[in-house]
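This report describes one protein chain, from its overall make-up down to single residues. Look at the sequence and the structure before reading on.

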Amino acid sequence: TPRLDALGLPHTGVTFFGSVERRLSPRRVITMLRLQLSENLRMLRIMRRFGPTHVHVGTHWDYFNLLPSLRWCGATLVFQAGNHPHLRHPLARWLWRSIMRRANVLVAVSQTLLERFESLGLRAASNRVVYNRVPRRPQAATDSVPVRRARTVFVYAGQIAEHKGVHHIAE
């Protein structure tokens, strides 16, 4: 994106194949599984190359698309909760339980969402509320998630767009 380019930050991406529809043809399922496998291998290569300390995941579908590579990497997983979890379908319940086990930090867009996720079992001292509209700051935030080394390197799993606020993570 232009904002990351302006900051001189290298970035790359993987293909997002979308959410699972109700009725999928066998051909579509095979195509999606092949794409998921190839993009997870690509994500693992990206992670090996950059050695991230943190991985930011924007939605439960981003997590689902990159599930194998996110389960294998040892980086701190920051999960952004923008919606209430959908728990009616068994696959959705399994996906949320997986997120709850793997996420180290939860960033919720409201206090209500944070409380909902914490009631489901995702409790961490570093859980935060960051509202959708990020105010302009004259300087970068001073409180941050602890890192394992002096330089923080992160992978963002989601759409890299200015309205998503990725540049605020970089600042």
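## Terms and model

Two residues are in contact when heavy atoms of theirs lie within 4.5 Å of each other. The model discussed here is predicted. Its chain averages a pLDDT of 77, and 74% of the residues score at least 70. Confidence is highest in strand β1 (residues 54-57), at 88, and lowest in helix α7 (residues 166-170), at a mean of 65. Where pLDDT is low, the predicted coordinates should not be read in detail.

## The chain as a whole

The chain has 7 helices and 5 strands. In sequence order they give the pattern α-α-β-α-α-β-α-β-α-β-β-α. The chain has 171 residues, of which 37% count as buried. About 11000 Å² of the chain is exposed, and carbon and sulfur atoms supply 53% of that area.

Contacts can also be sorted by how far apart the partners are in sequence. Among those between residues at least 6 apart, 61% join residues at least 24 apart.

## Helix α2

Helix α2 covers residues 26-50, which is 25 residues. Does the length of α2 agree or disagree with the span expected at 1.5 Å a residue? The expected span is 36 Å and the end C-alpha atoms are 36 Å apart, so the two agree.

Several residues of α2 are buried, including Met32, Met43, Leu44, Ile46 and Met47. The buried residues of this helix also include Gln36, Glu39 and Asn40. After α2 comes Gly51, which has a positive phi, near 55 degrees.

## His60 and its surroundings

His60 belongs to helix α3 (residues 60-65). Is His60 buried or exposed? Its relative accessibility is 16%, and the cut-off for buried is under 20%, so His60 counts as buried. The side chain of His60 makes a polar contact of 3.2 Å with the side chain of Trp61. Beyond four places in sequence, His60 is in contact with Phe79, Leu95, Trp96 and Ile99.

## The aromatic residues

How many aromatic pairs are found in the whole structure? The search finds 3. One of them joins Phe79 and Trp96 edge-to-face, with 5.8 Å from centre to centre and 85 degrees between the planes. These two residues are 17 apart in the chain: Phe79 is in strand β2 (residues 76-81), and Trp96 is in helix α5 (residues 90-102).

Phe79 has a relative accessibility of 1% and therefore counts as buried. Trp96, at 5%, also counts as buried. Together with Phe117, Phe79 and Trp96 form one aromatic cluster. Both Phe79 and Trp96 are also contacts of His60.

## Asn127 in a loop

Asn127 lies in the loop between α6 (111-119) and β4 (128-129). Its relative accessibility is 11%, so Asn127 counts as buried.

Which residues have polar atoms close to the side chain of Asn127? A polar atom of that side chain lies 3.0 Å from the backbone nitrogen of Leu106. The side chains of Asn127 and Glu118 are joined by a polar contact of 3.3 Å. Leaving out residues up to four places away in sequence, Asn127 touches Val105, Leu106, Leu114, Glu118 and Leu122. Leu106 and Glu118 therefore appear twice, as polar partners and in this list of contacts.

Terms used: Residues numbered from 1 in each chain as written. Predicted model: local features only at pLDDT ≥ 70, side-chain atom pairs only at ≥ 80, totals over all residues. Heavy atoms only, no water. Helix = DSSP H or I, 4+ residues; strand = E, 2+ residues; numbered from the N terminus. Buried < 20%, exposed > 50% of the residue type's maximum accessible area, 1.4 Å probe, protein only. Polar contact = N/O pair within 3.5 Å; in protein donor to acceptor, adjacent residues only side chain to side chain. Phe/Tyr/Trp six-rings, centres within 6.5 Å; stacked < 30°, edge-to-face > 60°. Expected span 1.5 Å × (residues − 1). Areas by Shrake-Rupley, 256 points an atom, 1.4 Å probe, with all protein chains shown as cover. pLDDT = per-residue confidence, 0-100.
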